[in-house]
Amino acid sequence: MESAGILAGPMLRRGDTESVAICGAMDCPVEVDAAIYFLDTLIQLDTATKTTSIRAGHRLFIHLVQVRGQFPTETLLGYDLFFRVGKIINTLGSLRLFNKNEYSITYDGRPYPSLFIPATAAPTFLYASCRKFHRKGDDALIAEDGLLKRKKRNLANQPATMLLTGDQFYADDMADPLFPVIRTIAEHYIGKEDLRQFDLRLREKPFRTAAWQVNGGLFIS
Ligand SMILES: [Fe+2]
């Protein structure tokens, strides 16, 4: 299992003046460390990292990286993560997730993904709800990505929080073409699961077959 593939994230979950929490999912067990920088000077802040890792499947590892320190408000900070697999250490940069790359996750030419801690309780925020691919309407996350790209280094009008409410995916009501794709990916990363161990109804008709059919989960829940 020699890999360091990021499956999801890094996602900044929370930041305050004493701690910053970042989470992500990887396809292999790794040791994860983090660094926080002043974005203007690239000077590293004095921090201590504690990472909690959960194995959620055969090739699915979820990490919560908690960085403790003294973090200033109203100041652009940047973060990087360090993934150690054996003797190999990757960073977000070495995984080609930084500027001047089509997969960059940074905005406005910044050298690291950025965050700032507002001095007052969340003055501006982004909001999205009920993310469903086969529903009318555009994807709010894409609109928010465009909005952040247009914002310049003016913290006063930069969102400090993103609220995602409702369902962010509909496990029992997904777009039909996605069903076989997700089943294949799920088996690869989570492994084969006998769902009947979770609910005895899945041993009987009609649920015995519904669980494996497109949108069959709608009739079970
Ligand atoms: Fe919903």
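A residue counts as partly exposed when its relative accessible area lies between the buried class, under 20%, and the exposed class, over 50%. The legends below concern a predicted model.

**Figure 1. Salt bridge between Arg84 and Glu31 in the predicted model.** At 38% relative accessibility, Arg84 falls in the partly exposed class. Its partner Glu31 is exposed, with a relative accessible area of 54%. The closest N and O atoms of Arg84 and Glu31 are 3.9 Å apart. Arg84 belongs to strand E6 (residues 77–85) and Glu31 to strand E3 (residues 31–38), so this salt bridge ties together parts that are 53 residues apart in sequence. Side chains of opposite charge can pair when their charged atoms come close.

**Figure 2. Salt bridge between Glu187 and Arg183 within helix H2.** The closest N and O atoms of Glu187 and Arg183 lie 3.7 Å apart. Both residues belong to helix H2 (residues 178–189), and because they are four residues apart there, about one helical turn separates them. Glu187 is partly exposed, at 34% relative accessibility. Arg183 is also partly exposed, its relative accessibility being 28%.

**Figure 3. Salt bridge between Arg201 and Asp199.** In this pair, the closest N and O atoms are separated by 2.9 Å. Arg201 has a relative accessible area of 36% and is classed as partly exposed. For Asp199 the corresponding value is 24%, which also places this residue in the partly exposed class. A search of the whole structure finds seven salt bridges, among them the pair shown here.

**Figure 4. Interface of domain 1 and domain 3.** The domain assignment divides the protein chain into domain 1 (1–117), domain 2 (119–169) and domain 3 (178–220). The contact between domain 1 and domain 3 takes seven residues from domain 1 and four residues from domain 3. Between them, the two domains bury about 440 Å², with carbon and sulfur atoms contributing 61% of this area. On the side of domain 1, Leu7, His58 and Arg59 lose the most area to domain 3, and together they supply 70% of what that side buries. The C-alpha centres of domain 1 and domain 3 are 34 Å apart.

**Figure 5. Polar contacts and residue classes at the interface of domain 1 and domain 3.** Four residue pairs are in polar contact across this interface, with both residues of each pair at pLDDT 80 or more. The side of domain 1 that touches domain 3 consists of three nonpolar, two polar and two charged residues. Zero salt bridges are found across the interface of these two domains.

**Figure 6. Overall arrangement of the protein chain, as context for the close-up views.** Four helices and ten strands make up the secondary structure elements of the protein chain. Their order along the sequence is β-β-β-β-β-β-β-β-β-α-β-α-α-α. The C-alpha trace spans about 65 × 45 × 30 Å along its principal axes. Of the 221 residues in the protein chain, 32% are buried. Among contacts with a separation of 6 or more, 63% join residues 24 or more positions apart.

Conventions. Residues are numbered from 1 along each chain as its sequence is written. Side-chain values use heavy atoms; hydrogens and water are left out. Domain bounds come from an automatic or database domain assignment. Contact means heavy atoms within 4.5 Å. Buried area is the accessible area (1.4 Å probe) that two parts lose on being put together, summed over both. A salt bridge is a side-chain nitrogen of Lys or Arg within 4 Å of a carboxyl oxygen of Asp or Glu. A polar contact is a pair of N or O atoms within 3.5 Å; within protein, one must be able to donate a hydrogen and the other to accept it, and residues adjacent in sequence count only if both atoms are side-chain atoms. Ala, Val, Leu, Ile, Met, Phe, Trp, Tyr, Cys and Pro count as nonpolar, Asp, Glu, Lys and Arg as charged, and the others, Gly among them, as polar. Helices (H or I, at least four residues) and strands (E, at least two) are DSSP runs, numbered from the N terminus. Buried means under 20% relative accessible area, exposed over 50%, partly exposed in between (1.4 Å probe, protein chains only).
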